[in-house]
Amino acid sequence: MWKRLRYRRAQALVLLALAALVTTCAVFAPLFTRATQQALVRTDLASRPVETSGLQMRSDRLRSDGDLIASASPIPAPLRRQLGRPIRSDSADAPVLPETLTSPDGTIEWRDGFCAHLVVRGRCPRAIGEVLVSEGDVRHYGYAVGQRIVIGADSAQASEGGLRPELPLRVVGVYRQKPSAYWFGRQVAVSSGAEGGGPIASFSHDVWFTTQQTLHDSTTPVLLSEQSTDDYLLRRSATGVDELLAATATLPTLQRRADQAGIKVETGLGDVRGDVLHQRDQSRVTVPLLVGQLALLVVVVLWFVLGVATGQRRQEVAVALLRGSGRKGARWLLAEELLPPVLAGVPAGLGLALLLDVATVHLLPGGAPVELTASAVATAPGCVLVLGALTWLPVGLVTREGIDSLLRSVPARGGWRPGPGEIVLASVAGALSLAFASGALSGPFALVAPALLALLVGLVLATVVLPVAAWLGRRLLLRGRARLAISVLTGARGRTTRRTVVLVTVGVALVVFSADALAVGARNRESAAEQQVGAPMVAEVRGTDLAAVRRALARVDPGGRRATPVVRTRPAGSDGAEALAVVPDEFRRVALFPGQDASTIPWPRLAAPDVPPVVLRGTTLTGRLDALSLRVDVPGGGYTPVSVTLQVLSADNELLPVPLGKLRKDSAGFRFSRQVSCATGCRLVAVDVTTGVPASIVGDLRLSDVAANGTPVALRGSSWTSQVSASTGSVRSSGSSSSLTLSLRTTSSRTVSSQQQWLPQRVPALVTGSLPPGARKGRFTTTGIDSQAQPAVEVGRLPRIPSSGASAALVNLDVLERGRAVDPNSGLSIWFGSVDPALLRAVRTALADEGVALAGVATLSGTTRRFDSTIPAWALELGAAVGGAALLAVLLALLVIAVAGWRQRSRDLAALRMTGLRPSDVRRVAAAADVLVVLLAAIAGGVSGLLGAVLALPSVPLLARRPEVSTLDLSTAWVVVLASLATAALVAAVVVGAAGRAIAARSHLDRLREVL
Amino acid sequence: MSAGLPILTSRLVHIYRSEGSDVAALSGVDLRVRAGEQIGLLGPSGAGKSTLLSLLGGLFRPSAGTIQVGDVELSAATTRELEDLRAGTIALVLQGAWRNLLPYLTPRENVGFAQYAARRLGREVPEVDDVLSTVGLAGAGEAALTALTPGQLQLCAVAVAVAAAPGVLLADEPTSQLDHVARDRVMAALAEVNRSLGATVVVVTHDPDVAASLPRTVTIRDGRVGGEGRSGEEYSVVTADGFLPLPTHAREALVPGTLVRVEQSGDRFVLDPAPEEER
């Protein structure tokens, strides 16, 4: 046996390599699937804040003792095992008394072991009523160690218990928070000094920490909004896919128990479970499909190689039969040569699969453990059986032949016609390809479409290539191109040409398809990330001070070339459209527009009206209001006075109404003098005319001689809007530079107004998706930066708007800002044109100078990494490896075909030398014959791979989840495709060309004397 | 070990199919070879010599007629019986030395391999070294086949064939492509096999020198036995159905259609062509 193996070392090595490759595929598929699932769980958990990967239980009353969830209905064991010890906290509202406009409100809290997670100046609380306040509270409210503070309690409860509704506290220390997972994502010292919204100003203090007794003591009155919380951190390092799925499967049970106990449960683990299950299902289909077709290809290659090997042993089988060994002896003669390397390939493949698994685990993020799963182990004996049977089959076929047949050097069947097996194979491949093309078959199984299509093309090409080559060779001979003709004719009569064509076609198709899929996947993940983030870097701003942000940016990036403010408005209900308010000139340079050319977007249509505002500066507004033949008719008779109010916008974008006065019946007008808060400048935005009850007004009102602190205000009567409405009538504006005349023809409304044209009536908007309900003729309602309805008009459509939903509007921030201020509901952010840490630092510093902080920073690269850390991405990367391995398998097959038939081939070439061809010509002929065939097959494979990609890619999951806004672009990645095709074709051509030349170098004339 | 076995064929016909037509390779061969005899099969290309040899070796089954080797009727033997015969009784040396050898084995190992089936059947086989000595390869047993000369390779092929001391040794063109020195060595080896083992030896050859070295030659022509030569003397052989193929020189005189009167004169038979006017 060893002699035989040594004698055909190359063959044995190739058989071993191919068998190892089959085993590797079979074993590695479950290992890879497992590794990706583990990596997914770990990266998913690692990317989530501790509060979403953990679990929080909250009760609206203070705990009586111990954990919130009673031991009678505990957290289910699988979940409990993955959670750490709960971090308990009890808290309540702590409004500082006495209540004044500046007295702050906040929270007082006991949290188990809080002192160890704070930097304390002073000491930690030890007794009832002792508290720690934050450094911010010291800064904003002047608290000091030793100071006494009284907070309010629930007055109703206190009176029932005969207690005063207040709790005296004493400051014993000042703290600064140490960031750690202990805090469960909370920042306890960021609220101090913050001014709340609402009509009455209110201020916040940070969380104050105290002893548990302070909250629980019987002498303590019931405080406001008491609650207890248990925070459970997930033991991430101990949580793999099995543990996660087992734990999260019990969430409904926990939820049921918690509901019964009146406890709220909050966790993001359900989302993690959904993600993991979804992607696990994807991996269970895509990975076996990808690896399976490689395994299938390698099995086919191995079958071909075994066929070549057994075909070359026909004489030896004949010898065995001649010497009376019988069929059984002949079979063992072959099996002893072929089975050992094939079976030795199983442990080699197993080892290779484990090495690949180690490499995969190393390459995948998350630090998943190396695991040898039961399914992977179970495949090894299966490989032994399959490979053994695969080897035994051709051995059995050869030894079934009679000696007379075996003594012929080639099997009786030959020629170019396909055999029945090939016809069946081509028919099946053709039918399935047709099914994919027609859409009858879809889903992840489309991944096999390229291989099937390539198989069909390869078989057809293999059938036609021989007669066509023969015909072409003869034609070339007739034209006198002897060398090329001989090359072509040599290829046409090559016994293994058909196999070479099929193998190269399928191998190259897999290479091209997988390369294209990899590139398309990467492109789509990047596009999706670009769409999601909107710019290379986006920093969320805490607060709503747009003016401060603009001032900071103006200092750091005066031209707005590298950073720009963006306000995202969110509709309160369903009748407004989400809007992204941007500075167009800056935004188009900074933002990312996946799949569209930013320069083709009609940015000028978003421009603000080219009307300067009417500015007044001062604290006293004077002027004259005249009624010119004004007639007011109240339905049903009577009279109602007409009030006129100026709407002015402060420098802080606060809308201030300035009532000018009322026009009573028969009043011709009056002079007015009103106090206004416009010392730093205000802009006139509207004149409202209001009646006490609905009435119709006919006549003119004239506003003139308006001055602020004695300085005339140019009203520019022509710069005010006119309104004509079928339901309310009309208000037409006119006037001179110093006066405004409103011609009223109203019907039955209470308030009509004329706006300054500086303030647009409808904001021009570039929209995507559908307009919100109620939209007519491109006019719709979006949401202003103040979260109020904002009339808008469509001035163009975009395929999508960066970092926005499927239906959204892109508007000019300068326009939207006129007359409105940013509301807390709106999101204020700064978009950066690049990931520039220095710029970010500068912006952060500039913002801090303005008293503004950044909440968080998202980068395109970070988001892309998250998209890349998904099973679809890993599966496509595996696909590329599969393509490479497929090419390797095909190259091995080509080598075996060359090695196994080299004697016969060298004799054929020696015969050419006998005809007078020089050795160099013979080498060229030998190389060219194979190279021509391989190049032809490679081109066919490339086309098959491309067509296969067209069929398959729509069904291949490129992203873990379908994004709300699709940036899907399945167009061919031509550069990658052509590069992979050229590389594959070049490598294959070099291999067969080198083999051909090597064989030609051995085509000595004495070969002709060999009979074998 | 087998002693030489007699071979008897009777009205042996072999028809094969080629390109859609039936071709008669042999059309009634009657041949008797005595046990331990050494004969040569001669004849032009396509006459059917190799086909006859293959039929004698049990590689083909005849279309009609019988082949008896020793006590065994080959045409009626089962596949298993044929395998057993090839294991020790009938040995065939194919044309081209390499076709008889496993290329990765040494001469010694090839001989050992050829004895494997006979040993399995419980037959007594000669020592490998004896076999190699018999054919004149005593010193080359451990050499790689690629290191052997063409003549040594052919001797090795003969050694492999006689490894199990067969009763019948069939050799197809054993001296083709050999120079005269190697040719003589191979023929000497065959003669030694015949002498020492007592094996019946049937050699197909084109080579007149080889034919001349054999005590008996049988010429196959057009699928029939066309004549015999014994000790340099050429004879025509009367077939079982009474036909008498004419030797070449007689056929030139007696063109097809010639009427011949066969007359007996004592123990001699005279062919007397009819006069011209009677034809």
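**Exercise 1.** In this predicted model, classify Arg261(B) as buried, partly exposed or exposed, then find its salt-bridge partner.

*Solution.*
- Start with accessibility. Arg261(B) has a relative accessibility of 39%. Buried means under 20% and exposed over 50%. Arg261(B) is therefore partly exposed.
- Next, the partner. Arg261(B) forms a salt bridge with Asp272(B). Their closest N and O atoms are 3.4 Å apart.
- Place both residues. Arg261(B) lies in strand E12 (residues 260-265) of chain B, and Asp272(B) in strand E13 (residues 268-273) of chain B. They are eleven residues apart.
- Check the acid. Asp272(B), at 27%, is also partly exposed.

**Exercise 2.** Which strands does the salt bridge between Glu130(A) and Arg170(A) link, and is Glu130(A) buried or exposed?

*Solution.*
- Take the contact. The N to O distance is 3.4 Å for Glu130(A) and Arg170(A).
- Locate the ends. Glu130(A) sits in strand E7 (residues 130-134) and Arg170(A) in strand E9 (residues 166-177), both of chain A. The pair is 40 residues apart.
- Compare with the cut-off. Glu130(A) has 7% relative accessibility, so it counts as buried. Arg170(A), at 27%, is partly exposed.

**Exercise 3.** Describe the pairing of Arg702(A) with Asp626(A).

*Solution.*
- The closest N and O atoms of this salt bridge are 3.7 Å apart.
- Arg702(A) belongs to strand E21 (residues 696-708) of chain A, Asp626(A) to strand E17 (residues 614-633) of chain A. The separation is 76 residues.
- Arg702(A) is partly exposed at 32%. Asp626(A) is buried at 7%.

**Exercise 4.** Which residues form a salt-bridge network with Arg34(B), and how many salt bridges are there over all chains?

*Solution.*
- The network links Arg34(B) with Glu37(B), Arg216(B), Glu228(B) and Arg230(B).
- The count over all chains is 41 salt bridges.

Conventions. Residues numbered from 1 in each chain as written. Chains lettered and ligands numbered in written order. Predicted model: local features only at pLDDT ≥ 70, side-chain atom pairs only at ≥ 80, totals over all residues. Heavy atoms only, no water. Salt bridge = Lys/Arg side-chain N within 4 Å of Asp/Glu carboxyl O. Helix = DSSP H or I, 4+ residues; strand = E, 2+ residues; numbered from the N terminus. Buried < 20%, exposed > 50% of the residue type's maximum accessible area, 1.4 Å probe, protein only.
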